[in-house]
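Q: Could you take me through one part of this model at close range? I would like to follow the strand pairing and the charged contacts around it.

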Amino acid sequence: MTATDIPAGFTPRTRRSPLTDPWEPLYSKTTDKAVIIGLRLAKPHTNGRGLIHGGLIAALADNAMGHSCAHVMGGVSSLVTVSLAVDFVGTAEVGRWLAIESDVVKTGRTICFAQSLIKADGVVIARANATFRVVPKKEPVA
């Protein structure tokens, strides 16, 4: 994969997690209102039929919506998922560019609502919505 395979504005994602490490490389693009996550679909992202796995879609949508809520809230809080719903309306194959485009619906002192469209090469293949609980950030242990 070369840099030309990645759409303009996306850079390698610096926020890593043990869950998403096997799916690297992941990319992100930050706007005023969201953190968009993207990746070029490869074999590790597929099910036994060679199509994108629904679990990958759900996990990355949850990730993108949560990070979008935190971004809109100024990064002062952590969030945990209260509920997550995903509707699958299409599929994608290896080689497609997957982008999770989120929209923060409402933020509050204790809760945040978000929704997202999951697109493969610009075509919607799923939609998701989630509710997050706002929790105080913990100080790092010394």
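A: Happy to: here is a walk through the β6–β7 hairpin and its surroundings, followed by a brief stop at another charged group. Please keep in mind that this is a predicted model.

Let's start with the hairpin itself. Strand β6 covers residues 111-120, and its pairing with β7 is antiparallel, with 10 bridges. Just 2 residues separate the two strands in this hairpin. One residue to look at in the turn is D121, whose phi is positive at about 50°. Within the β6–β7 pairing, you can find K119 standing opposite V124 in β7.

Strand β7, residues 123-136, also pairs with β4, which spans residues 77-88. That pairing is antiparallel too, and 11 bridges hold the record of it. To pick out one position on screen, go to T81: its bridge partner in β7 is F132.

Now for the charged side chains. Back in the turn, D121 makes a salt bridge with R96, and the closest N and O atoms are 3.2 Å apart. R96 sits in the loop between β4 and β5 (97-107), while D121 belongs to the loop between β6 and β7, so this contact ties together parts that are 25 residues apart in sequence. How accessible are these two? D121 has a relative accessible area of 40%, so it is partly exposed. R96, at 38% relative accessibility, counts as partly exposed as well.

K119, which we met opposite V124, has a charged partner of its own. K119 forms a salt bridge with E101, with 3.0 Å between the closest N and O atoms. Because K119 lies in strand β6 and E101 in strand β5, the pair ties together parts that are 18 residues apart in sequence. E101 has a relative accessible area of 32%, which means that E101 is partly exposed.

Finally, a look beyond the hairpin. The whole structure contains 5 salt bridges, and one of them joins the side chains of D21 and R16, at 3.1 Å from N to O. D21 counts as partly exposed because its relative accessibility is 35%, between the limits of 20% for buried and 50% for exposed. R16 and D21 also belong to a salt-bridge network that includes E24.

To retrace the route on your own screen, begin at D121 in the turn, cross to R96 through the salt bridge, and then return to K119 and its partner E101.

Terms used: Residues are numbered from 1 along each chain as its sequence is written. This is a predicted model: local features need pLDDT of at least 70, side-chain atom pairs count only at pLDDT 80 or more; totals for chains, interfaces and linings use all residues. Side-chain values use heavy atoms; hydrogens and water are left out. Two strands pair if DSSP finds at least two bridges between them. Helices (H or I, at least four residues) and strands (E, at least two) are DSSP runs, numbered from the N terminus. A salt bridge is a side-chain nitrogen of Lys or Arg within 4 Å of a carboxyl oxygen of Asp or Glu. Buried means under 20% relative accessible area, exposed over 50%, partly exposed in between (1.4 Å probe, protein chains only).
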